[in-house]
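Welcome! Take a moment to look over the structure below, and then we will walk through it together, part by part.

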Amino acid sequence: MATQTQSNEIKPLLEVSDLEVAFKSSTGMVPAVRKVNLTVYPGQSVAIVGESGSGKSTVANAIIGLLPGTGKTVGGSIKLEGTELVGKTEKEMESVRGSKIGLIPQDPMSNLNPVWKIGRQVREALDANGVGAKKERMERVNRLLSEAGLPDVERVAKQYPHEFSGGMRQRALIAIGLAAHPKLLIADEPTSALDVTVQRKILDHLDTLTAELGTAVLFITHDLGLAAERASHLVVMHRGRVVESGPALDILRNPEHPYTQRLVAAAPSLASARIESAHKAGISVAPDELLGAGLGSGSHEIAAEVRHLHKTFKVRGGRGKTFKALDDVSFSLRRGTTLAVVGESGSGKSTAANILLGLLAPDEREESKVIFDGHDVSAMSAKERFALRRQLQVVFQNPYGSLDPMFSVYSVIEEPLVVHGEGNRKERGERVAQLLDLVALPRSAMRRYPNELSGGQRQRVAIARALALRPRVLVLDEAVSALDVLVQNQILHLLNDIQAQMNLSYLFITHDLAVVRQIADDVVVMQKGKVVESGAADDIFARPQMDYTKNLIDSIPGGNLFIGGDIR
């Protein structure tokens, strides 16, 4: 692999010099990217890292000439193989896209045409770039889909995007991005929505394909562990500027800029790797690295449990066919602790949580039970179940989707108090103010609306609402997976502090084992509707018994960068 410090004999493939991008607004041009410099050599992998709004995707869009809306390159230079791209017409850029610069966009579902079959969409990339003879293109489509790791390609080519899993859709986008054998491939958060095992398979395959083709890769990501594992060179962006740039391992070993230091410290994948590597080397880990959890805290008293759950769904259009989502699932949550239920998409973890919450009913079986605070929920009256809602609350993955956009922050947090007849208007106002203090939001935020808040602020509001009725158990369903690494770290620390203050019990549903390594006391591993392994978090990570669990742990990005607590 080429390195950033090349000899004079190898010329750069891509040179970005003093790039400036701005967006037009009612008050004039607003700068989004300022004086960015970046170099990519043939066959090299470079990653631009930073949180949302840092300008990393804007740089990528400027390189390929696809700036959204009113965005415009207002300064600097972008050279591909010595040819200036800034100032080229749209028609001239069309001859560059696909054939010289390929793109794997961030969201596969919104970037695939839902009414076109997959094969047609790959063929479109070949047609647009004039690749191969027309009569041979369908054969080439099948070859590209096969190279991207898709099975039974002749059948797959005739399917629509909605018939694909997330991983399959991502592979289809890889086939499209590499269709014309570009010299540079831009991969914008190529695996951000995927399970770690699927993510690893796709990135391994992408590594193999690009190595065979000699394609350079420019990763755009907020996951520092993934970036360092997959790229030789890192470019760290913050507020539209490059704050640090250099060989990946050098930056991880010795981050110089305060922002990079915060990223390295906050990245769950790197923290998980440090913890695991240190444990293997017999080195004790400071409690603050584990966020105060995973240390065997809490009592042996059971706050909630499910016993022998079964759940079967009818398959839509399946002519009587059924799908078994849960098969004899049991687990218990100790009071004052965090239980993480982990597994890939489709493992049944969210289904089990929804049954515990009373949002789904299990299959009717005598042995199936949901027990809360020692009481069988199925034996409760409607009035008792309504009262139970006070004790059992939930925080969902997408705070924007779970907050009413027509409600102010005050109304969002007050609503459960109103529904349960808690206090008068004045007392409810005081409670809302207390809750905003608890989740570290200014009291002035109560007059704002969800669309005026950042993702992290919205999630704090969702947590405040869940805590309004002083519950005993909080179900957190992928509650931090949609957040940037720094915001994610803040929310995890907040949840830890609140748990300590209120002796809360957390049921943490996630596919992200890097986060689990930091926050969980106990772990339940699910696969295809069954519990395949369970125990204390330290035991599960140190001595996983099942190959499936080992594979999940091994798939944590950045895990192979550490030996004995130190970066290789």
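## Inside and outside

In this predicted model, buried residues account for 52% of the 568 residues in the chain. Turning to the outside, the chain exposes about 25700 Å², and 49% of that area is supplied by carbon and sulfur atoms.

## Overall build

As you trace the chain, you will come across 22 helices and 22 strands. The radius of gyration is 25 Å, close to the 24 Å that the globule rule gives for 568 residues, so the chain is as compact as a globular protein of that length. Taken along the principal axes, the C-alpha atoms fill a box of roughly 75 × 55 × 55 Å.

How do contacts link the parts of the sequence? If you take the contacts between residues at least 6 apart in sequence, 70% of them join residues at least 24 apart.

## The second largest pocket

Next, have a look at the second largest pocket, which has a volume of about 580 Å³. Its lining is made up of 20 residues. To find the pocket on screen, look for Gly98, Leu103, Glu124, Ala125 and Ile176, the lining residues that lie nearest its centre.

Which elements supply at least two residues each to this lining? They are β6 (101-104), α4 (118-128) and α7 (166-177). The largest share, four residues, comes from α4. As for chemical character, the lining of this pocket divides into 11 nonpolar, six polar and three charged residues.

## Two residues with positive phi

Before we finish, here is a detail of the backbone. Most residues other than glycine have a negative phi. Two residues in this chain are worth a visit with that in mind.

Glu478 is not a glycine, yet its phi is positive, at about 50°. You can find Glu478 in the loop between β17 (473-477) and α19 (485-502). Is Glu478 buried or exposed? Its relative accessible area is 9%, and buried means under 20%, so Glu478 counts as buried.

Lys528 also belongs in this section: its phi is near 50°, a positive value in a residue other than glycine. Look for Lys528 in the loop between β19 (522-527) and β20 (530-536). Here the relative accessibility is 71%, and exposed means over 50%, so Lys528 counts as exposed. Put side by side, Glu478 is buried, whereas Lys528 is exposed.

Conventions:
Residues numbered from 1 in each chain as written. Predicted model: local features only at pLDDT ≥ 70, side-chain atom pairs only at ≥ 80, totals over all residues. Heavy atoms only, no water. 1 Å grid on protein atoms, 1.4 Å probe; cavity = no way out; pocket = protein on both sides within 12 Å on 5 of 7 lines; lining within 4 Å. Points joined across faces, edges and corners; volume = space filled by probe spheres on them. Nonpolar A, V, L, I, M, F, W, Y, C, P; charged D, E, K, R; others polar. Rg over C-alpha atoms; globule rule 2.2 N^0.38 Å. Buried < 20%, exposed > 50% of the residue type's maximum accessible area, 1.4 Å probe, protein only. Contact = heavy atoms within 4.5 Å. Areas by Shrake-Rupley, 256 points an atom, 1.4 Å probe, with all protein chains shown as cover.
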